[in-house]
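Biologist: Please take a close look at one part of this model, the surroundings of the ligand. I am new to reading structures, so go step by step and say how that part fits with the rest of the chain.

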Amino acid sequence: MTDASAVQLSFPQPDIALITFDDPEKGANILSRGVMDQFAAHLDTLSKRTDLVGLVVGSAKPGVFIAGADIREFVSATANTKAQTAATSNRGRELFQRIGQLPFPSVAAINGLCLGGGAELAVWCDRRLMTNDAKSQIGFPEVKLGIFPGWGGTARVPRIVGLGNAVELITSGESIGSLAAVRMGLITDVVPADRLLESAIALVRAETKSGDYRKDRERWHGPIVMSPTEFAFLEATATAVIMQQTKGQYPAPMAALKLMLATSSLDATAASEREAAGVAELFGSPVSQALINVFFLTDRNKKDLGIDNRSVTPRSIKSVGVVGAGIMGSGIAAACLKRELMVSLADARPAALTAGVRTAIEEAAFDKATRGPTTERVLKLAPLMNEIVDEQEFSRCDLVIEAIVENEAIKREFHSRVEALLPATATLASNTSAISIGRLAEGLKRPENFCGIHFFNPVRKMALVEVIRAPQTSDETVATAVAFAKGLGKNPIVVNDGPGFLVNRLLSPYMNETLALLTQGIPIKAVDGAAKAFGMPMGPITLCDVVGLDTSLFAGRVMAEAYPDRFLSSPLMEALVKAGRLGQKSGAGFFVYRDKSGRGDPDPAFDAILAPLITNPQTMDAETLTLRMFLPMVLEATRILQEKKVRDPRDVDLGLIFGVGFPPFKGGLLFWADTIGTPKIVELLKPFESLGERYRPTPLLLELAAAGRRFYDLNTTR
Ligand code: NAD
């Protein structure tokens, strides 16, 4: 039940109505059925009034106008028929259309996020004002859920801002700020937040006087006027951009484009009816369900404190020490600076420190618009950065993150030295990729304050952070690391210590199989091609070249040592590293890199290394190749769940999507496995039985399959 006061009607002046969205039960306004009903009731009241000159629609929630439709209601409706979905869509749009049928003008007064259904409500108003607050953003992210706007957005937006702008906004799903929105004509004007209501009332009065809104109501109802040449150009360029971005794996943007083009010659009502029918086609599709799952994965992650004991509170972090100013350290320092934390950076080599400080400040001050650091941002952020000259300075830090060379003895020595300088309440963390956090904790006086905070490279791009918990780590330390990572805008998952942590452990069987396939005579092109067709951002062989073969070899050895029953150190990898072929960075790996473009070409010298290692060459179809690469990953995930390395199967999926770009349109590794079904997975493994332990169904898989249960049924208390 929605609280009866989620949408309020008031009259700031006797002849001006104000509808305010402010759901007392939610942090953000969401257009649930209950909220829509309340809005409809207020429109009923207003349509009977003859003494009003205008309506303002606003929100009392700080930082949010309306965040969109209720996605949980969406999910509960996926079993609906297409006709039911289209009818729901038409009902919502007809409600919003009533705003434009009121006998007086309406203004949406937007302060904060205005997304999806909220943006559709706003565009059905006659005018829109937006505050200049950085949080004020308007956008139509529906394609990110595998659908497109369904309450008239695809009809109304192109009629207001032009077809080209609307295609860009709706097919990209990206939000825009107030200045871009005003330039496009989506927003009438930008005003300061403290003058929003006053400005909206003034705009209502000006519109009542001029009557301009009536002309626009008529104009925006009709077809879109555009020359055939412009139309053909838009169709060709937009199709090319969408194909390049979606690789044909996400149908919604292309469907939205086709719809907007096809309905441009209709009136807005007829176009909206076609929109409703189109949404019904996409709604509930496997891609849409997978993308909605990704939405829930991130939503759940935002609420997850990383521990189950809700009475534990994280320690406050205001000042961060980062040690090691190399690739990772400078990236971590930049991420902290961006969020205006005090950062103290240290490095054993003064030249590395100077370079790291510079990189961190430049990266933190980077401005998308100018594609470089702005002087204003540099001047603001530089004073927050402290170059450590004397280690005593660490005593001021609430958190120290070590990102020095990957060597256990050197890390241990540094940890015990810095721990002695830190206050007892400070947190100490290592960014190690592979060293056991439990072993590192053994040498410390306060091991409970120590954990792994494993960032991914490049830090600025990669949203995943693994918080590694050793048996000695306290709940408070885990909660602190999780809250800190969230504060940097990252998605942290908590992983219990173990070889490869989560992401590298799951990548290992995938890489392992890839190399085995090459020595079975399968060409690189077929292996990489099958992974890309599955949806991976790049093939595993190309990925190896990007990461570096020495790094991959080391990771492979760690796994082979930990789990000799299913991981073998690859003779191919050993041979390539021995030959000095370390990947992109050395100019050759699996491919040869002739210039700086990063594009690798097939290399006969590689073929010569591989040839003697091919025993019993085989051919394989793309489907078998896909199963060979991804089923061992699923099995490894079941072992991770059995060993309780993560607290929920959803952490596995979130980790792979944000850590290695596992295809979001598949919803995550275990979500994908669940769409196949656990009994079917057992069946699919059978032809690979002769390959040994690495394809043998695990006890957990067999148990789920026998009960016909899904991995997602294994969720914990949250
Ligand atoms: P890097 O070589 O770029 O930087 C390491 C820096 O640490 C160097 O500037 C070096 O001078 C400094 N250093 C070494 N020993 C030191 C000491 N005792 N005291 C102070 N400074 C010292 O390395 P990187 O790639 O940034 O990796 C750092 C850590 O992060 C490693 O543990 C690595 O395993 C981990 N990591 C790396 C990646 C990656 O992709 N590069 C990803 C995740 C985690």
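**The ligand and its surroundings**

Modeller: The C-alpha centres of domain 2 and domain 3 lie 30 Å apart. Those names come from the domain assignment, which splits the chain into domain 1 (4-284), domain 2 (319-497) and domain 3 (510-714). Where domain 2 and domain 3 touch, domain 2 contributes 11 residues to the contact and domain 3 contributes 9. Keep in mind that the model is predicted.

Now to the ligand. It has 21 residues around it, and those that come nearest are Met328, Asp347, Glu406, Lys411 and Ser433. Sorted by class, the shell holds 10 nonpolar, 7 polar and 4 charged residues. Three elements each supply at least two residues of this shell: the helices α14 (327-338) and α17 (408-421), and the strand β18 (450-455). By their numbers, these three elements fall within domain 2 (319-497).

Some of the polar side chains can be followed atom by atom. Asp347 has a polar side-chain atom 2.6 Å from an oxygen atom of the ligand. In the side chain of Ser433, an N or O atom is likewise 2.6 Å from a ligand oxygen. Asn457 also has a polar side-chain atom facing a ligand oxygen, here at 3.2 Å. As for cover, the ligand taken alone exposes 820 Å², and the protein buries 76% of that.

One of the helices just named leads on to a loop. After α17 the chain runs through a loop to β17 (427-430), and Pro423 is found in that loop. Is Pro423 buried, exposed or in between? Its relative accessible area is 31%, so it counts as partly exposed, because that value lies between the cut-offs of 20% and 50%. Leaving aside residues up to four places away in sequence, Pro423 touches Ser395, Cys397 and Arg446. Leu704 gives a sense of distance: Pro423 and Leu704 are 281 residues apart in sequence and, from C-alpha to C-alpha, 48 Å apart in space.

For a contrast with the partly exposed Pro423, take helix α4 (residues 117-124), where 8 of the 8 residues are buried. By its numbers, α4 belongs to domain 1 (4-284). Its buried residues include nonpolar ones such as Leu121, Val123 and Trp124, and Glu120 is also on the list.

Note on methods. Residues numbered from 1 in each chain as written. Predicted model: local features only at pLDDT ≥ 70, side-chain atom pairs only at ≥ 80, totals over all residues. Heavy atoms only, no water. Buried < 20%, exposed > 50% of the residue type's maximum accessible area, 1.4 Å probe, protein only. Helix = DSSP H or I, 4+ residues; strand = E, 2+ residues; numbered from the N terminus. Near = heavy atom within 4 Å. Polar contact = N/O pair within 3.5 Å; in protein donor to acceptor, adjacent residues only side chain to side chain. Areas by Shrake-Rupley, 256 points an atom, 1.4 Å probe, with all protein chains shown as cover. Nonpolar A, V, L, I, M, F, W, Y, C, P; charged D, E, K, R; others polar. Domains from an automatic or database assignment. Contact = heavy atoms within 4.5 Å.
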